[in-house]
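I opened this notebook to record what I looked up, entry by entry, with the structure at hand.

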Amino acid sequence: MIPPGSKADFSFEEPPVTEKIEDIELRLLLEALREHYHYDFRGYSPASIKRRLRQARVRFACDSFSQLQDRVLHDTAVLPELLGYLTVQVSELFRDPAYFRTLRETVVPHLKTYPSLKVWVAGCSAGEELYSLVILFREEGLEDRTLFYGTDINPDALRRAEAGVYELDRLQLFTENHRRSGGKSSLSEYYTAAYGAAAFDKSLRKRVVFSDHSLVTDEVFAEVQLVSCRNVLIYFDRDLQNRVIGLFKDSLSRRGFLGLGSKESLRFTTYADEFSEFSRNERIYQKKGGGL
Ligand SMILES: C[S@@+](CC[C@H](N)C(=O)[O-])C[C@H]1O[C@@H](n2cnc3c(N)ncnc32)[C@H](O)[C@@H]1O
């Protein structure tokens with residue numbers, strides 16, 4: 001043991017006082033958001049939440065997180081824009097085409113054995129991932145027996161998902177992604193272009209429900225055969241990742257599939273043993289259990 005007062009007592013680096021105060025203010029801001037608006041960001045990875053809230057602080061011309069807290073508590077109009085900073089809305093149709101190709105080639109043959117299906121896209125942003133799955137399921141003859149749920153906490157993203165309208169200049173990338181994912185049709189069959197925007201066909205939404213659901217505070221809402229949740233867990237700390245994987249495990253039917261995409265893994269979560277690895281590269285897992 002190091003004797004008190006010895007030199008080694010001071011060997012660790014204390015953060016500077018201003019940074020410590022900033023951390024206190026950040027904690028209080030997140031607490032205020034939870035208590036007043038029921039948005040709970042306390043389990044998000046601190047470095048990225050701090051970076052994004054610093055950007056928001058600049059945008060709202062606040063000198064400190066305490067000032068930002070004051071603004072958001074007293075002016076409800078601030079919240080929607082602040083949510084845009086707190087949640088990352090980057091997505092694409094058929095983003096990471098190899099993921100969709102793997103679903104198509106290896107998961108779909110299993111899904112074809114089910115008489116009816118439910119699919120849950122958790123953290124669906126403006127609907128890009130969900131529409132990709134609907135198109136893939138249509139091409140594979142599975143759409144008519146499937147219900148699709150797209151959930152997110154960002155109301156603006158959910159509104160855009162409902163609308164299914166994307167800037168036309170994104171379509172070249174979407175089309176290329178779709179082709180590389182093994183698409184069996186031309187993406188242009190699914191949208192109408194006008195006034196710089198591409199409106200996706202309403203028929204794609206006939207079996208789709210978009211809803212507000214938080215992976216942090218809400219519970220399981222349906223039994224599903226496929227959960228796709230990509231580029232969401234990376235923003236959560238280990239405890240929250242565990243909670244969310246537990247939620248997916250409870251909502252999957254026996255031998256249901258969980259697609260996390262190449263950036264995330266089950267390996268370090270408490271539930272790793274409850275799944276088998278189905279596609280190593282694309283991090284697609286299958287829940288263990290006999291029968292269908
Ligand atoms: C980077 S986007 C990923 C979109 C899509 N899954 C993809 O991979 O292209 C992350 C999404 O997770 C959503 N999100 C963040 N926290 C969430 C939570 N607690 N519950 C549900 N969705 C959440 C964000 O609003 C955002 O739309």
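Entry: phenylalanine 278. I began with the contacts of phenylalanine 278 and, leaving aside its neighbours within four places in sequence, found Thr106, Val107, His110, Phe257, Ile284, Tyr285 and Gln286. I note here that I am working with a predicted model. Phenylalanine 278 sits in strand β9, which runs over residues 275–279, and I entered it as partly exposed because its relative accessibility is 27%, while a residue must be under 20% to be called buried. I also looked up the separation between the C-alpha atoms of phenylalanine 278 and leucine 258, which is 9.2 Å for two residues that are 20 residues apart along the chain.

Entry: helix α5. Within α5, residues 97–111, I looked at glutamate 105 and arginine 101, which are four residues apart, or about one turn of the helix. Their side chains meet in a salt bridge, with an N to O distance of 3.2 Å. I put arginine 101 down as partly exposed because its relative accessibility is 34%.

Entry: helix α6. I wanted to know whether the length of α6 is what its residue count would suggest, and it is: the 12 residues from 128–139, at 1.5 Å a residue, should span 16 Å, and the end C-alpha atoms are 17 Å apart, which agrees. As for cover, I found 11 of the 12 residues of α6 buried, among them Glu128, Glu129, Tyr131, Phe137 and Glu139. Just after α6, I noted that glycine 141 takes a positive phi of about 75 degrees.

Entry: salt bridges. The count that I obtained for the model is 26 salt bridges. One of the pairs I followed is arginine 230 with glutamate 129, whose closest N and O atoms are 3.3 Å apart. This pair links distant parts of the chain, since arginine 230 belongs to the loop between β7 (224–228) and α9 (238–251) whereas glutamate 129 belongs to helix α6, 101 residues apart. Both arginine 230 and glutamate 129 are buried. I then turned to arginine 170 and glutamate 167, which form a salt bridge with the closest N and O atoms 3.6 Å apart; glutamate 167 counts as partly exposed because its relative accessibility is 45%. I also traced a network of salt bridges that links Glu22, Asp23, Lys50, Arg54 and Arg57.

Entry: the ligand. Which residues come nearest to the ligand? Of the 20 residues around the ligand, I listed Tyr44, Ser91, Glu129, Asp152 and Asn231 as those that come nearest. Arginine 95 places a polar side-chain atom 2.8 Å from an oxygen atom of the ligand, and a polar backbone atom of arginine 230 lies 3.0 Å from a nitrogen atom of the ligand. Asparagine 231 has a polar side-chain atom 2.8 Å from an oxygen atom of the ligand. The ligand has 600 Å² of accessible area on its own, and the protein covers 98% of that area.

Entry: asparagine 231. I closed with asparagine 231, which lies in the loop between β7 and α9 and which I recorded as buried because its relative accessible area is 13%. The side chains of asparagine 231 and lysine 263 are joined by a polar contact of 3.4 Å. Leaving aside its neighbours within four places in sequence, asparagine 231 is in contact with Arg95, Leu260, Lys263 and Glu264.

Note on methods. Residues numbered from 1 in each chain as written. Predicted model: local features only at pLDDT ≥ 70, side-chain atom pairs only at ≥ 80, totals over all residues. Heavy atoms only, no water. Helix = DSSP H or I, 4+ residues; strand = E, 2+ residues; numbered from the N terminus. Expected span 1.5 Å × (residues − 1). Buried < 20%, exposed > 50% of the residue type's maximum accessible area, 1.4 Å probe, protein only. Salt bridge = Lys/Arg side-chain N within 4 Å of Asp/Glu carboxyl O. Near = heavy atom within 4 Å. Polar contact = N/O pair within 3.5 Å; in protein donor to acceptor, adjacent residues only side chain to side chain. Areas by Shrake-Rupley, 256 points an atom, 1.4 Å probe, with all protein chains shown as cover. Contact = heavy atoms within 4.5 Å.
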